[in-house]
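Visitor: I would like to go through this chain at the bench, one question at a time. Could you show me the sequence and the structure before we start?

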Amino acid sequence: MTNIQLKAYKVSKVHFNNAVQSTVQLKLNNKVSHNVKYTNGNVCEATLCIEVVDKTHPDVLNITVEVKGIFDIRSEVAKEFVHVDTFKELFPFAKALVTTITANAGIKPIIVQNINIEEQEIYRFDMKGAEEED
């Protein structure tokens, strides 16, 4: 049984500034943030934001996309697992949006690298115990 179920999602924010000249070499920096708000009952709202900017000239190229999702969650699931699972559900939508916007803007499409949230330092915990409970 899964810990969460995506009920709905929407793109809540898109910002795109494209002042790229054809001779400019870009050095991109990606920033990803994710937050989960819990309500009464077994529902939460997760927000995932991806920001891509040029390291040396952020005014030349910057893109921000924010995706929100509403999830049903199992009541006995720890919040750490909900956080990880909602990230895994929303990240592909936000990543695809960045690629689609840049591809349709007449520049080389930006493909945000996948993130294994379970390998991030702040999210390390024992996943083995949770898998055995399912």
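Guide: What follows is a set of questions and answers about this model, which is a predicted one.

Visitor: Which pattern do the helices and strands follow along the sequence?

Guide: The chain has two helices and four strands. Read from its start to its end, the order in which these elements appear is β-β-β-β-α-α.

Visitor: In what order do the four strands stand in the sheet?

Guide: The four strands make an open sheet with antiparallel pairing. Strand S1 (4-18) and strand S2 (28-38) each have a single partner strand, so these two stand at the edges and one side of each lacks a neighbour in the sheet. Neighbouring strands are turned against each other by 15° on average, with direction ignored. Read across the sheet, the order is S1-S4-S3-S2.

Visitor: How many bridges join S1 and S4, which pair in the antiparallel sense?

Guide: One of the pairs across these strands is Leu6, whose bridge partner in S4 is Phe71. Taken over the whole antiparallel pairing of S1 and S4, the number of bridges is 13.

Visitor: Which residue in S4 stands opposite Val43?

Guide: S3 and S4 form a hairpin with six residues between them, and their antiparallel pairing runs over eleven bridges. Within S4, the residue that stands opposite Val43 is Asp72.

Visitor: Which residue in S3 is the bridge partner of Ser33?

Guide: S2 and strand S3 (residues 43-54) run antiparallel and are joined by eleven bridges. The bridge partner of Ser33 in S3 is a residue with 8% relative accessibility, which is under the 20% limit and therefore counts as buried. That partner is Cys49.

Visitor: How many disulfides does the count come to?

Guide: Cys49 is buried at 8% relative accessibility, and Cys44 is buried as well, with a relative accessible area of 1%. A disulfide would need a pair of cysteine sulfur atoms within 2.5 Å, and by this rule the count of disulfides comes to zero.

Visitor: Is Lys55 buried or exposed?

Guide: Lys55 is found in the loop between S3 and S4. Leaving out residues up to four places away in sequence, Lys55 touches Lys27, Leu28 and Asn29, and its C-alpha atom is separated by 7.8 Å from that of Leu26, which is 29 residues apart along the chain. These contacts do not settle the matter, because the relative accessibility of Lys55 is 54%, over the 50% limit, and Lys55 therefore counts as exposed.

Visitor: How many of the 13 residues of S4 are buried?

Guide: For the chain as a whole, buried residues make up 34% of the 134 residues. S4 itself is mostly covered, and the number of its residues that are buried is ten.

Visitor: Which element supplies the largest share of the largest nonpolar core?

Guide: In soluble globular proteins, nonpolar side chains tend to be buried together. Here the largest nonpolar core has 27 residues, and those with the most contacts inside it are Leu48, Ile50, Val52, Val65, Val82 and Val98. S3, S4 and H1 each supply at least two residues of this core. The largest share, nine residues, comes from H1.

Visitor: At about what angle does helix H1 run to S4?

Guide: Helix H1 (residues 79-104) lies across S1, S2, S3 and strand S4 (61-73). Val98 touches Ile50, Val52, Ile63, Val65, Ile110 and Val112, not counting residues up to four places away in sequence. The angle at which H1 runs to S4 is about 140°.

Visitor: What is the relative accessible area of Phe16?

Guide: Phe16 lies in strand S1, and beyond its neighbours within four places in sequence it is in contact with Leu61, Asn62, Ile63, Ile101, Thr102, Ala105 and Ile107. Phe16 and Val65 are 49 residues apart in sequence, yet their C-alpha atoms are 8.6 Å apart in space. Despite those contacts Phe16 is partly exposed, and its relative accessible area is 27%.

Visitor: What share of the accessible surface of the chain belongs to carbon and sulfur atoms?

Guide: The accessible surface of the chain comes to about 8400 Å². Of this surface, the share that belongs to carbon and sulfur atoms is 47%.

Methods
Residues are numbered from 1 along each chain as its sequence is written. This is a predicted model: local features need pLDDT of at least 70, side-chain atom pairs count only at pLDDT 80 or more; totals for chains, interfaces and linings use all residues. Side-chain values use heavy atoms; hydrogens and water are left out. Two strands pair if DSSP finds at least two bridges between them. Axes are lines fitted to C-alpha atoms, for helices over the stretch in contact, and angles run from 0 to 180 degrees between N-to-C directions. Contact means heavy atoms within 4.5 Å. Buried means under 20% relative accessible area, exposed over 50%, partly exposed in between (1.4 Å probe, protein chains only). A nonpolar core is a set of buried Ala, Val, Leu, Ile, Met, Phe, Trp, Tyr and Cys residues joined through side-chain atoms within 4.5 Å. Accessible areas come from the Shrake-Rupley method with a 1.4 Å probe; for residues, only the protein chains shown count as cover.
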